[in-house]
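This report is meant for a reader who is meeting the structure for the first time. It moves from the sheet to the helices and then to two single residues.

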Amino acid sequence: MAQRTALITGATSGIGLGAARHLTDAGWTVWVTGRSLAKAEAAADQAGGRPLQLDVTDAASIAAAAGTVAELDALVNNAGVQPDFGIGLLEAGAEVFRESYETNVFGVAQVTNAFLPALRRSPAPRILNVSSGTSSFTWSTGPNPQFDHERAASSGGRFAVYRSSKTALNMLTLLYAQALDGDGIKVNALAPGARKTNLNPAMDRGADADEASSAIRTLLELPADSPTGVLFSYDGTIAPW
Ligand SMILES: NC(=O)c1ccc[n+]([C@@H]2O[C@H](COP(=O)([O-])OP(=O)(O)OC[C@H]3O[C@@H](n4cnc5c(N)ncnc54)[C@H](OP(=O)(O)O)[C@@H]3O)[C@@H](O)[C@H]2O)c1
């Protein structure tokens with residue numbers, strides 16, 4: 001198979017950095033991007049990829065990065081923030097919503113639009129948006145919700161801002177998949193599972209980020225008849241919206 005090229009946003013740590021490693025190990029050329037060029041360079045060194053500055057909230061940075069990358073087989077919208085640590089829904093101000101949505105939602109749309117010309121030059125283009133299982137309506141409701149409804153309610157909506165931003169990202173994933181289906185561009189989302197990373201330092205269940213990173217490679221390498229417009233779990237099953 002011809003060498004394929006991927007670009008990962010927020011690849012300076014955690015799941016994104018691990019995904020860069022898995023992809024380069026598998027022979028992909030990987031643009032290892034970060035909002036800090038120095039961090040992107042250090043991460044690219046570790047992963048054997050190409051460093052590129054890309055702040056997903058900065059239009060000039062997005063345009064410059066898109067101008068550098070001529071052809072792309074896979075765009076991984078992985079950059080994410082969770083600024084509502086310790087801030088419940090009932091006291092969240094507009095600032096915390098803006099910060100979350102700027103990166104997790106608006107950033108994904110702006111980066112996706114900017115890289116579409118490069119993706120259209122690929123014979124089998126893919127977009128993978130790193131979402132969260134906590135965004136799922138199904139997993140957040142019903143008699144046995146996967147995510148702790150009681151705790152969420154008692155703390156006034158724990159991580160509600162973040163979770164709602166990822167729910168918005170899920171809808172964007174579906175709408176992009178529908179809009180790009182005729183062009184042969186697959187667009188999916190990933191629920192990577194709870195992982196101990198900079199974004200989730202309190203995670204103490206020992207879940208290794210590498211399992212999620214490896215899932216990114218697996219999903220990008222699914223065969224041509226694989227689905228578009230779905231939320232994948234890290235184990236490759238399709239998760240409910
Ligand atoms: N860890 C979990 O339990 C978990 C669960 C569900 C979903 N996720 C999702 O997984 C993705 C990766 O997160 P992670 O857990 O691996 O955490 P992480 O190590 O903190 O990685 C997040 C990455 O996003 C980057 N980033 C933040 N704002 C950015 C911006 N404006 N432009 C470009 N890059 C930016 C960070 O860069 P800096 O180093 O510059 O901050 C960092 O490289 C996120 O979308 C997150 O929501 C994680």
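What follows describes a predicted model, beginning with its strands.

## The sheet

The model contains an open sheet of 8 strands, arranged in the order β3-β2-β1-β4-β5-β6-β7-β8, and the pairing within this sheet is mixed. At its edges lie β3, which covers residues 50–53, and β8, which covers residues 238–239, and each of these edge strands pairs on one side only. In general, the strands of a sheet pair through backbone hydrogen bonds, and this pairing may be either parallel or antiparallel.

Starting from the β3 edge, strand β2, which is made of residues 29–34, pairs with β3 in the parallel sense over 4 bridges, and one can locate this pairing by looking at G34, whose bridge partner in β3 is Q53. Strand β2 also pairs with β1, again in the parallel sense and over 4 bridges, and here L7 has W31 as its bridge partner in β2. How many of the 6 residues of β2 are buried? The count is 5 of the 6, so β2 is largely enclosed by the rest of the structure.

Further along the sheet, strand β4, made of residues 74–77, is joined to β5 by 4 bridges, and these two strands run parallel. A74 is bridged to R126, its partner in β5. Strand β5 itself, residues 126–130, is mostly covered, with 5 of its 5 residues buried. Side chains in a regular strand alternate between the two faces of the sheet. In β5 both faces are covered, since R126, L128 and V130 on one side are buried, as are I127 and N129 on the other.

## Helices and their crossings

Helix α2, which spans residues 37–47, lies across β2 and β3 and runs at about 150° to β2. Three pairs of helices can be set side by side, as in the table below.

| Helix pair | Axes come within | Crossing angle |
|---|---|---|
| α3 (residues 59–68) and α4 (residues 94–120) | 9 Å | roughly 20° |
| α1 and α2 | 9 Å | roughly 40° |
| α1 and α8 (residues 209–220) | 8 Å | roughly 50° |

For α3 and α4, whose axes cross at roughly 20°, the angle makes α3 roughly parallel to α4, and the crossing of these two helices is right-handed. On the α3 side the contact is made by A59, I62, A63 and A66, while α4 contributes Q110, V111, A114, F115 and A118. Sorted by class, this contact of α3 with α4 has 8 nonpolar residues, 1 polar residue and no charged residues.

The axes of α1 and α2 cross at roughly 40°, which makes α1 oblique to α2, and α1 passes α2 in a right-handed crossing. The residues that make this contact are L17, A20, R21 and T24 of α1 together with A43, Q46 and A47 of α2. They divide into 4 nonpolar, 2 polar and 1 charged.

Helix α1 also meets α8, where the axes cross at roughly 50°, and α1 and α8 are therefore oblique to each other. The crossing in which α1 passes α8 is right-handed. From α1 the contact takes in G14, I15, G18, A19, H22 and L23, and from α8 it takes in A209, D210, A212, S213, S214, I216 and R217. The residues of the contact of α1 with α8 divide into 6 nonpolar, 5 polar and 2 charged.

## Two residues in their surroundings

A11 lies in the loop between β1, residues 5–8, and α1, residues 14–25. Is A11 buried or exposed? It is buried, because 34 other C-beta atoms lie within 10 Å. Leaving aside its neighbours within four places in sequence, A11 is in contact with G16, L17, A20, V32, T33, G34, A43 and N78. Of these, A43 stands 32 residues away from A11 along the chain, and the C-alpha atoms of the two are separated by 7.1 Å.

N113, by contrast, is found in helix α4. This residue counts as exposed, because N113 has 12 C-beta neighbours inside 10 Å. N113 and T237 are 124 residues apart in sequence, and from C-alpha to C-alpha they are 28 Å apart in space.

Methods: Residues are numbered from 1 along each chain as its sequence is written. This is a predicted model: local features need pLDDT of at least 70, side-chain atom pairs count only at pLDDT 80 or more; totals for chains, interfaces and linings use all residues. Axes are lines fitted to C-alpha atoms, for helices over the stretch in contact, and angles run from 0 to 180 degrees between N-to-C directions. Angles under 35 degrees count as roughly parallel, over 145 as roughly antiparallel, 65 to 115 as roughly perpendicular and the rest as oblique. A crossing is left-handed if the near helix is turned anticlockwise from the far one by less than a right angle, and right-handed if clockwise. Two residues are in contact if their C-beta atoms, placed from the backbone, lie within 7 Å. Ala, Val, Leu, Ile, Met, Phe, Trp, Tyr, Cys and Pro count as nonpolar, Asp, Glu, Lys and Arg as charged, and the others, Gly among them, as polar. A residue is buried if 20 or more other C-beta atoms lie within 10 Å of its own, exposed if 12 or fewer, and partly exposed in between; C-beta atoms are placed from the backbone. Two strands pair if DSSP finds at least two bridges between them.
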